[in-house]
Amino acid sequence: MENYQMIAKTLAGLENVLLEEIEALGGLNIQKRKRAILFEGDDSLMIKSNICLRTAISILIPIFEFKARDEFELYNEIHAVQWEEIFGVNDTFAISATVSGELFTHSQYVALKTKDAMVDRFRKKFGKRPNVDVSNADYQFNVHIQYDSCTISLNSSGLPLNRRGYRINSNEAPLNEVLAAGIILKSGWNKQDDFYDPMSGSGTFAIEAALLANNIAPGLNRRFGFQNWSDFDRDLYRAVHQEVKSQISPKEVNIYCRDLLIENLEYIAQNSEEINVQQYIDIGREDFFHSSKKGENGILFFNPPYGERLELEEINSFYKNIGDQLKQNYSNCEAWIISSNLDALKFFGLKPESRYQMYNGGLECKLNHYKLY
């Protein structure tokens, strides 16, 4: 199999974590970009990347590059591509676009012009056109324009890779699975120390920890865009899938998943069962402010309320109480907290060992790491 270039997209702040994941999978000629990692590999690595990467949002395969300085050049260049050799009139497709620079400023307009050029070519050649399916297209294309440099890529993932297939139910603001996995990997958790998800909400931290600890690839239970392609190699996919599945190795580790709301605990139980990690997670009802560590040491992960629904004094006091509880009852542990409420974090009462800028659902956040002596 020949090697070709791929682009793994990720969230801002997780580039280094994703780079290390791709290195471990055997990616070649790896280059870091903003919210993306470029690398090379064959079809086997493309499949494995989709199944295994915990911090990738999508795996793109660049197929065409050209220059365009206005909408007319863009249309003509795209119209000239032999799209009929890639997909057919009976297939569905979708276009996404990202733009930067002053030449093209509206991504939706670029996506629309791209779609027009593609369907016009089909109409001219066959008298009919393929349909657009924005939710579950057979072929998903991404147009990336930086000033006048245009790259069209095939999205091999289909639905974003953070959709592991386990989130049947969730609370109002669930943490993105890729972000949760990235924070855990960033922490350097050794898969041995007790793991605490003390205000778990939908249990994303705990479920991602169970997947990581037992070497369960996050994409084993879902479909991918490349499975809809006409040249999809089913035998290769089965071989890679079986290889990845055979690498699951159950660990003896305590993962404590706690919440006060019965409804959330029911969600967590359903979600963890859907991806078959329920046996690795200790789910229970508990008020963090009346809790204490279970063993000698451990690591805690928090995605607390950011304060949209709480008064200023109330949210500041809430964050202060978290810090006090950690100091009094979780000595010899580490804590990681992500929040967009930078003012409330100042009331935490602990000096962070390290700080990272992250984004959660478009909100600029700080990820703080604390050591509790």
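In the predicted model, strand 14 (residues 354-360) and strand 15 (residues 363-372) run antiparallel and are joined by seven bridges. At the turn of this hairpin, Asn 360 stands opposite Leu 363 of strand 15, and of the two residues between the strands, Gly 361 adopts a positive phi near 60°. Strand 14 is also approached by a charged side chain, in that the charged end of Lys 186 sits over the ring of Tyr 356, 4.6 Å from the ring centre.

The hairpin belongs to an open sheet of seven strands, arranged in the order 11-10-9-12-13-15-14 with mixed pairing. Strand 11 (282-285) and strand 14 stand at the edges of this sheet and have a single partner strand each, so one side of each is left without a neighbour in the sheet. On average, and with direction ignored, neighbouring strands of this sheet are turned by 20° against each other. Within the sheet, strand 9 and strand 12 (residues 298-302) run parallel and are joined by three bridges, with Ile 299 of strand 12 serving as the bridge partner of Phe 195. Helix 6 (residues 204-213) packs on the sheet, where it touches strand 9, strand 10 (255-259) and strand 12, and the direction of helix 6 makes about 150° with that of strand 9.

A further open sheet is formed by eight strands in the order 2-3-1-4-8-7-5-6, again with mixed pairing. Its edges are occupied by strand 2 (28-33) and strand 6 (131-132), each of which has a single partner strand, so that one side of each is left without a neighbour in the sheet. Strand 2 is joined to strand 3 (residues 36-41) by four bridges, and the two run antiparallel; Leu 28 has Glu 40 of strand 3 as its bridge partner. Helix 1 (residues 15-25) packs on this sheet through contacts with strand 1 (4-9), strand 2 and strand 3, its direction making about 170° with that of strand 2. Helix 4 (residues 107-126) likewise packs on the sheet, touching strand 5 (92-100), strand 6 and strand 7 (139-146), and the direction of helix 4 makes about 140° with that of strand 5.

The buried residues of helix 1 comprise Glu 15, Val 17, Leu 18, Leu 19, Glu 21 and Ile 22. The elements that cover these buried residues include strand 1, strand 2 and strand 3, together with helix 2 (43-52) and helix 5 (177-187). Helix 1 is followed by Gly 26, which has a positive phi near 105°.

Strand 8 (residues 149-155) of the eight-stranded sheet contains Ile 152, which counts as buried because its relative accessibility is 1%. When residues up to four places away in sequence are not counted, the residues touched by Ile 152 include Ile 61, Pro 62, Ile 63, Phe 64, Trp 83 and Phe 141. Ile 152 and Thr 114, although 38 residues apart in sequence, are 9.8 Å apart in space, C-alpha to C-alpha.

Aromatic side chains form 24 pairs in the model. One of these pairs, between Phe 87 and Phe 141, is tilted, with 5.4 Å centre to centre and 50° between the planes. This pair links distant parts of the chain, since Phe 87 lies in the loop between helix 3 (71-79) and strand 5, whereas Phe 141 lies in strand 7, 54 residues apart. Both rings belong to buried residues, Phe 87 having a relative accessible area of 3% and Phe 141 a relative accessibility of 2%. Another pair, formed by Tyr 196 and Tyr 330, is edge-to-face, with 5.6 Å centre to centre and 85° between the planes. Here too distant parts of the chain are linked, with Tyr 196 in strand 9 (residues 194-197) and Tyr 330 in the loop between helix 9 (312-329) and strand 13 (333-339), 134 residues apart; Tyr 196 and Tyr 330 are buried. Ring pairs also link Phe 64, Trp 83, Phe 87, Phe 93, Phe 122, Phe 126, Tyr 139, Phe 141 and Trp 229 into a cluster. In addition, the charged end of Lys 294 sits over the ring of Tyr 256, 5.3 Å from its centre.

With regard to cysteines, the structure holds zero disulfides. Cys 150 is buried, with a relative accessible area of 2%, and Cys 365 also counts as buried, at 1% relative accessibility.

Methods. Residues numbered from 1 in each chain as written. Predicted model: local features only at pLDDT ≥ 70, side-chain atom pairs only at ≥ 80, totals over all residues. Heavy atoms only, no water. Pairing = 2+ DSSP bridges. Contact = heavy atoms within 4.5 Å. Axes fitted to C-alpha atoms, helices over the stretch in contact; angles between N-to-C directions. Phe/Tyr/Trp six-rings, centres within 6.5 Å; stacked < 30°, edge-to-face > 60°. Buried < 20%, exposed > 50% of the residue type's maximum accessible area, 1.4 Å probe, protein only. Lys NZ or Arg CZ within 6 Å of the ring centre and 35° of its normal. Disulfide = S-S within 2.5 Å.
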